[in-house]
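Reader: I have a sequence and its model open, and I'd like to know where the labels come from. Can we go through them one at a time?

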Amino acid sequence: MSKVSIIAAVDRRMAIGFENKLLFWLPNDLKRFKALTTGNTILMGRALPNRRNIVLSSNPDIVCPGAEVFPSLEAALKSCREDEHIYIIGGASIYQQAISFADELCLTEINSTAS
């Protein structure tokens, strides 16, 4: 079975982002994210380079260059090989759907709060 990991960075209030943007720009955390996810599969709302990109969308007409689009998390996970490592990279609604499928949580805790 595929390994499913949820990856996120959270502040003291457990916030992960605001208006589709990261709350913090932390170069070392971004390097860690890239090191963990490059060469693996990521499941999220928009595509990133050098990874298999899976986007969840309820819009059947959505076009995401460089990504495979699925209508549900279950359909997306069924498309994955057993040896794939899948990183769920958000946003909040995708994290909520994925928590019951996750094998691990890769969490960066930021000892601050976004303004």
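Reader: What makes Arg81 and Asp83 a salt bridge?

Author: Keep in mind that this is a predicted model. The closest N and O atoms of Arg81 and Asp83 are 2.9 Å apart. The cut-off is within 4 Å, so the pair counts as a salt bridge.

Reader: And what makes Arg81 and Glu84 a salt bridge?

Author: Their N to O distance is 3.9 Å. That is still within 4 Å, so this pair gets the label too. Salt bridges with shared partners join Arg52, Glu68, Arg81, Asp83 and Glu84 into one network.

Reader: Why is Asp83 called exposed, and why is Glu84 called buried?

Author: Asp83 has a relative accessible area of 61%, and exposed means over 50%, so the word fits. Glu84 comes in at 5%, and buried means under 20%, so Glu84 is buried.

Reader: How do you know that Cys80 is in no disulfide with Cys64?

Author: The sulfur of Cys80 is 16 Å from that of Cys64, its closest cysteine sulfur. A disulfide needs the sulfurs within 2.5 Å, so this pair is too far for a bond. A search of the whole structure finds zero disulfides.

Reader: Are those two cysteines buried or exposed?

Author: Cys64 has a relative accessible area of 16% and Cys80 has 11%. Buried means under 20%, so both cysteines are buried.

Reader: What about Ser93, why is that residue called partly exposed?

Author: Ser93 has 46% relative accessibility, which lies between 20% and 50%, so Ser93 counts as partly exposed. Ser93 is found in helix α3.

Notes: Residues are numbered from 1 along each chain as its sequence is written. This is a predicted model: local features need pLDDT of at least 70, side-chain atom pairs count only at pLDDT 80 or more; totals for chains, interfaces and linings use all residues. Side-chain values use heavy atoms; hydrogens and water are left out. Buried means under 20% relative accessible area, exposed over 50%, partly exposed in between (1.4 Å probe, protein chains only). Helices (H or I, at least four residues) and strands (E, at least two) are DSSP runs, numbered from the N terminus. A salt bridge is a side-chain nitrogen of Lys or Arg within 4 Å of a carboxyl oxygen of Asp or Glu.
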